[in-house]
Each structure stands twice: as structure tokens, then as C-alpha cells.
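Student: Please take a close look at one part of this chain for me. I would like to see how that part fits into the whole.

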Amino acid sequence: MSNNRVTRRQFLNYTLTGVGGFMAAGMLMPMVRFAVDPVLQKKEGGDFVLTKQKVSELTKTPVKVDFTFEQVDAWYKSDVTSTAWVYKEGDKVIALSPVCKHLGCTVNWEGDPAHKNQFFCPCHGGRYEKNGENIKGTPPLGPLDEFEVKEKDGLLMIGKTRPNTLV
Ligand code: FES
């Protein structure tokens with residue numbers, strides 16, 4: 001007979017520890033998975049949103065392009081509709097954010113009949129050049145942001161905003 005015999009007490013300890021550990025892992029795994037799930041989700045199609053705007057129909061006059069994307073806030077998903085002012089400069093497509101750099105109102109192209117060929121913010125009379133540059137002497141202190149753009153099958157795709165590269 002060996003000296004390493006497992007006593008009845010030791011056997012019970014091992015068995016209960018093993019079963020307890022297995023049950024604890026069974027309870028904790030779903031919780032851990034639930035906690036990190038949003039981090040593990042892969043985004044399809046990158047950060048660009050396909051719009052209905054044909055690139056070939058864009059001109060040098062800014063047009064309003066609406067686009068909808070799914071916003072995930074932790075576990076809450078919602079569809080958000082946003083807008084860009086889009087035009088062409090030669091072959092280059094330019095998409096500007098409509099969010100005023102003063103207090104965040106929405107700017108409109110030629111919104112003020114007294115100032116043609118400019119973006120106008122109706123909240124406090126902010127004005128911007130066509131390239132998004134803020135006009136000195138009006139409330140906004142910086143240029144409109146610019147969206148990253150791509151083309152897919154002739155349609156415009158809009159990405160994230162970035163600081164204006166045109167000014
Ligand atoms: S929010 Fe646009 S000028 Fe004030």
C-alpha cells in the first residue's frame with residue numbers, strides 16, 4: 001500500500017472545490033462576456049456611411065446630403081441621421097459639417113440673402129466662406145469641420161469628421 005492515500009476528507013475537499021469552481025466559472029463567464037461584448041464587436045464597412053448622393057451629380061454649389069448611421073452607445077443602438085454640405089472643387093469632393101463652431105447651431109448655404117456664396121448660421125449671424133473658413137468679425141472662432149469622403153459604385157460615402165484641411 002502507498003503512503004499517499006487520499007483520505008475521505010481530502011477527497012470531499014477536492015470534489016467540492018472542483019464542483020464549486022466549475023459552477024463559479026459558469027456564472028462568471030456570461031457576466032464577463034456581457035461586460036466586454038461591445039468592445040469585441042466588429043464594425044462592418046469601416047467608418048464610412050453610404051449615401052444616396054451620386055458623385056457625378058455633384059457640382060461646385062454645395063448641396064445638403066443626409067445620411068443615417070447606427071450609433072452604438074454601450075449596449076444601446078440607435079439610428080442617427082446627420083447632414084453634410086457637399087460640393088466639388090474640380091474633381092475633388094468636399095463635404096463640410098453643418099455644425100457651427102460658435103455654439104453648435106446648423107449652418108445653411110446662402111442662408112442670408114445679403115451674403116451670397118457663404119454659409120450662414122441663423123443663431124447669431126455666424127458666416128463662413130465656401131471652404132468652411134470662418135469670417136472674421138462674426139461669432140465663430142474656427143472653420144467648419146470636414147468629413148472624410150469616399151466613392152463606392154458612383155455613390156458618395158461619408159466618414160468621420162476631421163479638422164478643416166482647406167483653410
Ligand atoms: S451658434 Fe452659430 S453663430 Fe452662434
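Tutor: Start with a term. Strands here are DSSP runs of E, at least two residues long, and helices are runs of H or I of at least four. Keep in mind that the model is predicted.

Now the part itself. Take residues 84-158. An unreviewed UniProt entry annotates them as "domain: Rieske". Over this stretch the chain is 40% strand and 0% helix. Its end C-alpha atoms are 8 Å apart.

Next, the domains. The domain assignment gives two pieces, domain 1 (1-41) and domain 2 (49-162). The annotated residues 84-158 fall inside the bounds of domain 2, 49-162. The centres of domain 1 and domain 2, taken over C-alpha atoms, are separated by 56 Å.

Step back to the whole protein chain. It holds one helix and nine strands. From the N terminus, the order is α-β-β-β-β-β-β-β-β-β. The radius of gyration is 28 Å, well over the 15 Å that the globule rule gives for 167 residues, so the chain is more spread out than a compact globule. The C-alpha trace spans about 105 × 40 × 25 Å along its principal axes.

Two totals finish the picture. Of the 167 residues, 19% count as buried; that takes 20 or more other C-beta atoms within 10 Å of a residue's own. Then contacts. Among those between residues at least 6 apart in sequence, 43% join residues at least 24 apart.

Key: Residues are numbered from 1 along each chain as its sequence is written. This is a predicted model: local features need pLDDT of at least 70, side-chain atom pairs count only at pLDDT 80 or more; totals for chains, interfaces and linings use all residues. The radius of gyration is taken over C-alpha atoms; the globule rule is 2.2 Å times the number of residues to the power 0.38. A residue is buried if 20 or more other C-beta atoms lie within 10 Å of its own, exposed if 12 or fewer, and partly exposed in between; C-beta atoms are placed from the backbone. Two residues are in contact if their C-beta atoms, placed from the backbone, lie within 7 Å. Domain bounds come from an automatic or database domain assignment. UniProt positions are given in the numbering used here, feature names are shortened, and annotations may be inferred rather than shown by experiment.
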